[in-house]
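Reader: Could you walk me through this one? I would like to start with the metal site and then move on to the strands.

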Amino acid sequence: MSIFVDTAARMQRNRPLRVAVLGCTGSIGTQTIDVCRQHADKVRVVALSVYSSTQKLVELARELGVGHVAVSDESHATDEVLQNLPQGCQLGMGPRSVVELATLDEVDCVVSAVVGAAGIEAGLAALRAKKTLAYANKESIVVGGDLLMPLVAPGQLIPVDSEHSAIYQCLVGERDKDVRRIWLTCSGGPFYGRTRQELASVTAADALAHPTWSMGPKITIDSATLMNKGLEVLEAHHLFGVSVDQIRVLVQRQSRIHSMVEFADGSVKAQLGPSDMRIPIQYALSYPERWEAPCDAVDWCAEPGLSFGEADEQTFGCLALAREAGRVGGTMPCAMNAANEVANEAFRKNRCGFLHIERVVRAVMDKTDVQRVESLEQLRECDALARRQAREVLLEVS
Ligand code: MG
């Protein structure tokens, strides 16, 4: 297993954990700040980045007394509100300044809540600077896992994605070679049980009424197409060093079981709990300790039951496409992810239909000339080409 668990390093810390939150105004970023507020005696936020939400950035910097902030989108450099940053707070502009936050001396742990493949550079920088990485940025593992994972020391990368946090927790105290299979759970998404014919006419607004987890708009659409689960299969493949075919997707409609690990002797360990992202976020910060709960506990006596089922890859083609990309490997997941990011956004803006998303991904994968992953530069080129191709396909299909 590439990520196996080492409790030694963090046990020795006798001061608050100093955290940089990258993407602090998104869904995961906001919930990370909540956890930091609740455990202010154990965690101190020292750096924050946003893509463009300067107003919110200034409010958080003032509230938390943060010394370093970065704004990725340079067109916001002249926002007047930035004058109100706290005294002495260092402001960086542009994507490079976000990466720099990840390497600051005063940072122990980087929470990367950036959405999309754009977060890969900050992830690489944090690992090279020997920071602990609490990683919510699944796309960058899917795309750049071949570059990121060889840099990871035991206990250095702790997943924030709820399923991967669950798997991580199940693996504490276990040996890599005893793992037979991972059962990656899936709520089924908002369109569970619908036919292809029905899916042809669903809208982004329908998808955004997601039943269980509170999430940002991009991941909510990915949850509806099951591309989110496909990305998570590839994420687990990289994080835990298991093959794509050792990972089974299990529909668990109640979202109570957050994933399971099956061992050589047939025993299965599962992690259960409330469907609240603050739990895996907090675990990534508290590990190997456990802190007071950030939300109400489940009353298991009052639970109606747990159901299990197989994911429907025929109806939700994106899951099958992601698995295929994972089996092919190399630059294929990069092209697949880029095509999905473009089609996902087009669907959110009502510029294409729901089923067009998988058509775009399929078409771009068919055009992709797969190479071994060797550099960030190569991934950037593959990503840019796939985005161009995805836009061309969109023009044809919509
Ligand atoms: Mg997840």
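Author: Happy to; what follows is a short set of questions and answers on this predicted model.

Reader: Which residues coordinate the magnesium ion?

Author: Along the chain, the donors follow the spacing D-x1-E-x68-E. Their distances to the magnesium ion run from 2.1 to 2.3 Å. The coordinating residues are Asp161 (OD), Glu163 (OE) and Glu232 (OE).

Reader: Are Asp161 and Glu163 buried or exposed?

Author: Here the cut-off helps: a residue counts as buried under 20% relative accessible area. By that criterion, both Asp161 and Glu163 are buried.

Reader: Why does Ser53 count as partly exposed?

Author: Ser53 sits in the loop between strand S2 (43-50) and helix H3 (54-64). Partly exposed covers the range between the buried limit of 20% and the exposed limit of 50%. Ser53 falls in that range because its relative accessible area is 32%.

Reader: How far apart in space are Ser53 and Cys24?

Author: In sequence, Ser53 and Cys24 are 29 residues apart. Their spacing in space, taken C-alpha to C-alpha, is 9.3 Å.

Reader: Why is strand S9 largely enclosed by the rest of the structure?

Author: Strand S9 covers residues 247-251. It is largely enclosed because the buried residues among its 5 number 4.

Reader: Which residue in S9 is the bridge partner of Cys186?

Author: Strand S8 (residues 179-186) runs parallel to S9, and 5 bridges join them. Within S9, Cys186 has as its bridge partner Val251.

Reader: And which residue in S12 stands opposite Leu250?

Author: S9 pairs with strand S12 (residues 309-310) in the antiparallel sense, over 2 bridges. Opposite Leu250 stands Glu310.

How values were computed:
Residues are numbered from 1 along each chain as its sequence is written. This is a predicted model: local features need pLDDT of at least 70, side-chain atom pairs count only at pLDDT 80 or more; totals for chains, interfaces and linings use all residues. Side-chain values use heavy atoms; hydrogens and water are left out. Donors are N, O and S atoms within 2.8 Å of the metal (3.2 Å for Na, K and Ca); water is not among the atoms, so sites may look incomplete. Buried means under 20% relative accessible area, exposed over 50%, partly exposed in between (1.4 Å probe, protein chains only). Two strands pair if DSSP finds at least two bridges between them.
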